[in-house]
Amino acid sequence: VQLQASGGGLVQPGGSLSLSCAASGSIFSINGMGWYRQAPGKQRELAAAFPSGGGANYADSVKGRFTMSRDNAKNTTYLQMNSLKPEDTALYYCNANIKSRWFLSPREYWGQGTQVTVSS
């Protein structure tokens, strides 16, 4: 199983970026998916999470600006980031809890990280 994230880049404050993360390989089912971020010198933190049931949850720092969605048919999650601030600058990682075979327990998988830089 692999998670491939894309869509990072450099944007000015107030701008927008969209990230995507596609899961591939042997996948029986995907439970929760999430986006984490890690700024230089800081711990990795959860930005948004989409459990298997219900809607997305957001960190207070991104609520109202970020929107996470899932396309279950494509095993893909998206993170639309609007009104970006310099403090949003970080390496963004996607995460998924995936059951690769019906008889195996689900486990966590991580994407490779995509850099988001918000700067004028």
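**Exercise 1. The salt bridges around R37**

Classify E45 by its relative accessibility, and then establish which side chains are joined to R37 by salt bridges.

*Solution.* At 37% relative accessibility, E45 counts as partly exposed, where buried means under 20% relative accessible area, exposed over 50%, and partly exposed in between (1.4 Å probe, protein chains only). The model is a predicted one, in which local features need pLDDT of at least 70 and side-chain atom pairs count only at pLDDT 80 or more, whereas totals for chains, interfaces and linings use all residues. Residues are numbered from 1 along each chain as its sequence is written, and side-chain values use heavy atoms, with hydrogens and water left out.

The side chain of E45 meets that of R37 in a salt bridge, with 2.8 Å from N to O; the term stands for a side-chain nitrogen of Lys or Arg within 4 Å of a carboxyl oxygen of Asp or Glu. R37 itself is buried, because its relative accessible area is 5%. A salt bridge also joins R37 to D88, their closest N and O atoms being 2.9 Å apart. This pair connects distant parts of the chain, since D88 lies in the loop between β8 and β9 while R37 belongs to strand β4 (residues 29-38), 51 residues away. D88 has a relative accessible area of 0% and is therefore buried. Together, R37, E45, R65 and D88 are linked in a network of salt bridges.

The structure holds four salt bridges. One of them pairs D60 with K63 at 3.1 Å, N to O, and here D60 and K63 are both exposed.

**Exercise 2. The disulfide**

Locate the disulfide, and state its handedness and whether its cysteines are buried or exposed.

*Solution.* The structure contains one disulfide, a term that requires a pair of cysteine sulfur atoms within 2.5 Å. C21 and C94 are the partners, with an S to S distance of 2.0 Å. The pair ties together distant parts of the chain, with C21 in strand β3 (residues 17-24) and C94 in strand β9, 73 residues apart. Because the torsion about the S-S bond of C21 and C94 is about 55 degrees, the disulfide is right-handed. Both C21 and C94 are buried.

**Exercise 3. The overall fold**

Describe the secondary structure of the protein chain, and compare its radius of gyration with that of a compact globule.

*Solution.* The protein chain has zero helices and eleven strands, counted as DSSP runs numbered from the N terminus (helices H or I, at least four residues; strands E, at least two). For 120 residues, a compact globule would have a radius of gyration near 14 Å, and the protein chain agrees with this at 14 Å; the radius is taken over C-alpha atoms, and the globule rule is 2.2 Å times the number of residues to the power 0.38. Along the principal axes, the C-alpha atoms fill a box of roughly 50 × 25 × 25 Å. Of the 120 residues, 39% count as buried. Among contacts (heavy atoms within 4.5 Å) with a separation of 6 or more, 55% are between residues 24 or more positions apart.

**Exercise 4. The loop between β9 and β10**

Compare the exposure of S100 and W102, and identify the surface patch to which W102 belongs.

*Solution.* S100 is found in the loop between β9 and β10, and it is buried, because its relative accessible area is 17%. Beyond residues up to four places away in sequence, S100 touches V1, S26, I27, F28 and Y109. W102 sits in this loop as well, between β9 (90-99) and β10 (107-110), but W102 is exposed, with a relative accessible area of 63%. F28, W102, F103 and L104 form a nonpolar patch on the surface, with about 500 Å² of accessible area together. Areas come from the Shrake-Rupley method with a 1.4 Å probe, and for residues, only the protein chains shown count as cover. Patches are made of residues with over 30% relative accessible area and no salt bridge, like charges being joined within 9 Å and nonpolar side chains (Val, Leu, Ile, Met, Phe, Trp, Tyr) within 5 Å.

**Exercise 5. Positive phi angles**

Examine the phi angles of N75 and S83, and place each residue in its loop.

*Solution.* Most residues other than glycine have a negative phi. N75, although not a glycine, has a positive phi of about 50 degrees; it lies in the loop between β7 (66-71) and β8 (76-81) and is partly exposed at 25% relative accessible area. S83 also has a positive phi of about 50 degrees without being a glycine. S83 is located in the loop between β8 and β9, and its relative accessible area of 41% makes it partly exposed.
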